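The following exchange sets computed values against the definitions on which they rest.

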Amino acid sequence: MGLTLWRHARIATLAGREPWGLIDRGALLVDGARLRWVGREADLAAGLDIDGEHELGGALVTPGLIDAHTHLIYGGQRASEFELRLQGASYEQIARAGGGIASTVAATRAASSEALFAGARGRLDRLQGEGVTTIEIKSGYGLTLEHERRCLQVARRLGREPGVTVCTTYLAAHALPPEFEGRADGYIDAVCQWLPLLHGESLVDAVDAFCEAIAFSPAQTGRVFEQARRLGLPVKLHAEQLSDQGGAALAARYGALSCDHLEYLGADGIAAMAEAGSVAVLLPGAFYFLRETRLPPVDALRRAAVPIAIASDHNPGTSPALSLPLMLNLACTFFGLTPEEALRGATVNAARALGLVDRGKLSEGLRADFVAWDLEHPVELAYWIGGHFCRRVICGGQEHTQ
Ligand code: NIG
Ligand code: FE
């Protein structure tokens, strides 16, 4: 494949020291799946043998968005639980009455692989239609070897679809399945036994757990992480979402790629994350949908130079979010991020949260993953509440049309 030129764009490269890495009257030269050159159109070398040209008409171009935390694969949905919560029931009450995660586990186990794929495919379409070119997908609604395997296989199958890169995360330590009632340690034994099998089938890119009073303890989480370390797999953690369990510090001891949620993160956790280079993945969709009030410690994270990412946390219970630009808006309004921090959170820092070094910015040698928006300035990505401004999505140099 030869060179392709994408011209007449205002490019927020997020590379270099300028705010947004902004280049006006810019162009991108694509060689196969990679960027050969990004710069001012006037500076484009002469005499290049260009095979195809695309006119972007002055559109804003950003790196492809990266959603670094989703639970995209599940059966059913929980709209009726939403209604119950609106009538005053709490998330915990619903969970104790057999709803919540347990109801999604039952629906996921009952669904065929084809139905799981079709449901996730439809949701992925919507996220891609809003600019996502890389997505992390967790298991965690199967909770048996067979059902976790199926979910991870569906995630891998989605990764073979055009226009997207999928990173898989093993989250069997998400909730205690009913058959292990009262035997959480026994379940963690099983979670640790399944991991090498699924890793042996190339289904696992990273390992996650839900470390919380209503889920698994730091000691149980540590056992899962030990197993991940033995297999050479990176870890991440649902940490400090509802209380401070010291989960972030624990994850940092295992060199975690990221710690996610973090509303109750304390000074020790921040210091440990800074030391380990872990990314703080903030999830404003869940904060909003559960009407939480406790804010993640954004200022302290900034002071400690912990990179901040923003993700959808797409899941049927706490964040049925299908637009990453909307999450940027929520991250600014609720968490006080600047619009530029928010965009970096869904690109550069999200790539880092997934251990990916070949994307998240637009510069020479990186993947040609970029989005053309019907917007004038990158601030607008975080400014509009909803709306649909994504015009063209290019992933690995190929335009993705839905
Ligand atoms: O990321 N925090 C744990 N798990 C999900 C919610 C799961 C559900 O309610 O189905 C989350 O918020
Ligand atoms: Fe989550």
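Q: What makes the pair formed by His 238 and an oxygen atom of ligand 1 a polar contact?
A: A polar side-chain atom of His 238 lies 3.3 Å from an oxygen atom of ligand 1. A polar contact is a pair of N or O atoms within 3.5 Å, so the pair qualifies. The protein covers 99% of the 330 Å² of accessible area that ligand 1 has on its own (Shrake-Rupley method, 1.4 Å probe).

Q: On what model do these values rest?
A: The model is predicted; local features need pLDDT of at least 70, side-chain atom pairs count only at pLDDT 80 or more, and totals for chains, interfaces and linings use all residues. Residues are numbered from 1 along each chain, ligands from 1 in the order written, and side-chain values use heavy atoms, without hydrogens and water.

Q: Which distances place Arg 78 and Tyr 141 in polar contact with ligand 1?
A: For Arg 78, a polar side-chain atom lies 2.8 Å from a ligand oxygen; for Tyr 141, the distance from a side-chain N or O atom is 2.6 Å.

Q: Why are His 69, His 71, His 238 and Asp 313 called donors of the iron ion (ligand 2)?
A: Donors are N, O and S atoms within 2.8 Å of the metal (3.2 Å for Na, K and Ca). The NE2 atoms of His 69, His 71 and His 238 and an OD atom of Asp 313 coordinate the iron at 2.1 to 2.3 Å, and therefore meet the criterion. Along the chain, the donors follow the spacing H-x1-H-x166-H-x74-D.

Methods:
A polar contact is a pair of N or O atoms within 3.5 Å; within protein, one must be able to donate a hydrogen and the other to accept it, and residues adjacent in sequence count only if both atoms are side-chain atoms.
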